[in-house]
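Morning, everyone. Please pull up the model on your screens, and we'll walk through it together.

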Amino acid sequence: NKAALAEFVSECLVLRRDSLLDGQTVVLAGGFKEREMVKIVSATNVRDMRELFSSHEEADTRMLLHAVQLSSEYDRIIVRCDDTDVFVLLLYYASKGELGTSVYMHAGHISQFRDRRRYIPVSEIVAKVGTNVCTSLPAVHALTGSDTTSAFFKIGKRTAYSKLVELVKSKPNLFEAFGLFDDLNGDVNAAQMFILSIYCTKKTQCANLDTLRYILASTTDKSVEKLPPTEDTFIQHVKRARYQVSIWCQSHIPSPELWNPEGNGWEASENGLVPVMFTKPIAPVQVRDLTHMYCTDQDCLDHRKCQCRQSGLPCTDMCVCHGNDCGNCNRQSESEASDSDDEDESDY
């Protein structure tokens, strides 16, 4: 429906171009049957803009392509949009000097009670926060959640941005990788340190996410969704973020060379592309087997109702009884008991 609506509006603007004011021009892109076609419409004529013919599928990147193209002729560029992805890309390209000297994002709308429209001075923000932060924003934005990548539970953009500014000042060499985000090993290391810095406290300084996840799970009452991801899951997340950043950072190219999503955090299925969530088992076999140990005997005294007692094992924290003063919690396994008996006899 949206594609049909875009085509309808584009064709109407071409047919009714006499309604445009003198000196007013409209550039139409992405609304025609031929998706690469771009037309410039004025009150007097319609012509193709072949320099803007592109294979971009998203309006976000296509807007940046047009903005970069216009910057060669105009110093002031105003982009009308409410999308965070576009704002991040504007900061990125402005920091690289590929946009005009005065770039604004016109965001917000009029509600029933308040006019929320505003002009965000992109060029001034770049000058204030610095080039290093702005060139790292696409990677950080993709890592912490975008239209195509997932977010970390209860970690917002303000938290991520504050941590980025702090780390860029303290470790500028490491976070140069975020400006490119095209080397998997370096990207994973930089991304891991960035996420660790968000989750870690002075009492939980760790070298990797698995260790931090274990410490937080065993020493705090954090719920599962508040724990950091495993290393295996995080690597797949970084791959998806890199794939998205590779698309964003080619916004200025009319026909970019895109990576193959398969092998970059995605895999093909009958229903299309699906994210690869993890490649290793979700838990060790011993833990998965242990969690199946449950009983219906409140005191764990009846071996017919307590699987741990039936197997000759003491109850643990993983059991339903949680091993709290049940009749089987301090009981030695039969094998341990027999071993200790043998040792006692030999010593005697």
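Start with the crossing of H5 and H6: it is right-handed. Keep in mind that this is a predicted model. H5 covers residues 131-143, and H6 covers residues 157-170. How are two packed helices described? By the angle between their axes and the distance between the axes. Here the angle is about 135°, and the axes are 11 Å apart. That angle makes H5 oblique to H6, because only angles over 145 degrees count as roughly antiparallel.

Which residues make the contact? From H5, they are Asn132, Val133, Ser136, Leu137, Val140 and His141. From H6, they are Lys157, Ala160, Tyr161, Leu164, Val165 and Val168. Sort the contact of H5 with H6 by class, and you get eight nonpolar residues, three polar and one charged.

Now the sheet. It is open, and three strands form it. Their order is E1-E2-E3, with antiparallel pairing. Which strands stand at the edges? Strand E1, residues 26-29, and strand E3, residues 46-48. Each has a single partner strand, so one side of each is left without a neighbour in the sheet. From one strand to the next, the twist averages 25°.

Look at strand E2, residues 38-41. E2 and E3 pair over three bridges, in the antiparallel sense. What stands opposite lysine 39? Aspartate 48, in E3.

Last stop, helix H1, residues 2-15. H1 lies across E1, E2 and E3. Relative to E1, H1 runs at about 145°.

Terms used
Residues numbered from 1 in each chain as written. Predicted model: local features only at pLDDT ≥ 70, side-chain atom pairs only at ≥ 80, totals over all residues. Heavy atoms only, no water. Axes fitted to C-alpha atoms, helices over the stretch in contact; angles between N-to-C directions. Helix = DSSP H or I, 4+ residues; strand = E, 2+ residues; numbered from the N terminus. Parallel < 35°, antiparallel > 145°, perpendicular 65-115°, else oblique. Left-handed = near helix turned anticlockwise from the far one by under 90°. Contact = heavy atoms within 4.5 Å. Nonpolar A, V, L, I, M, F, W, Y, C, P; charged D, E, K, R; others polar. Pairing = 2+ DSSP bridges.
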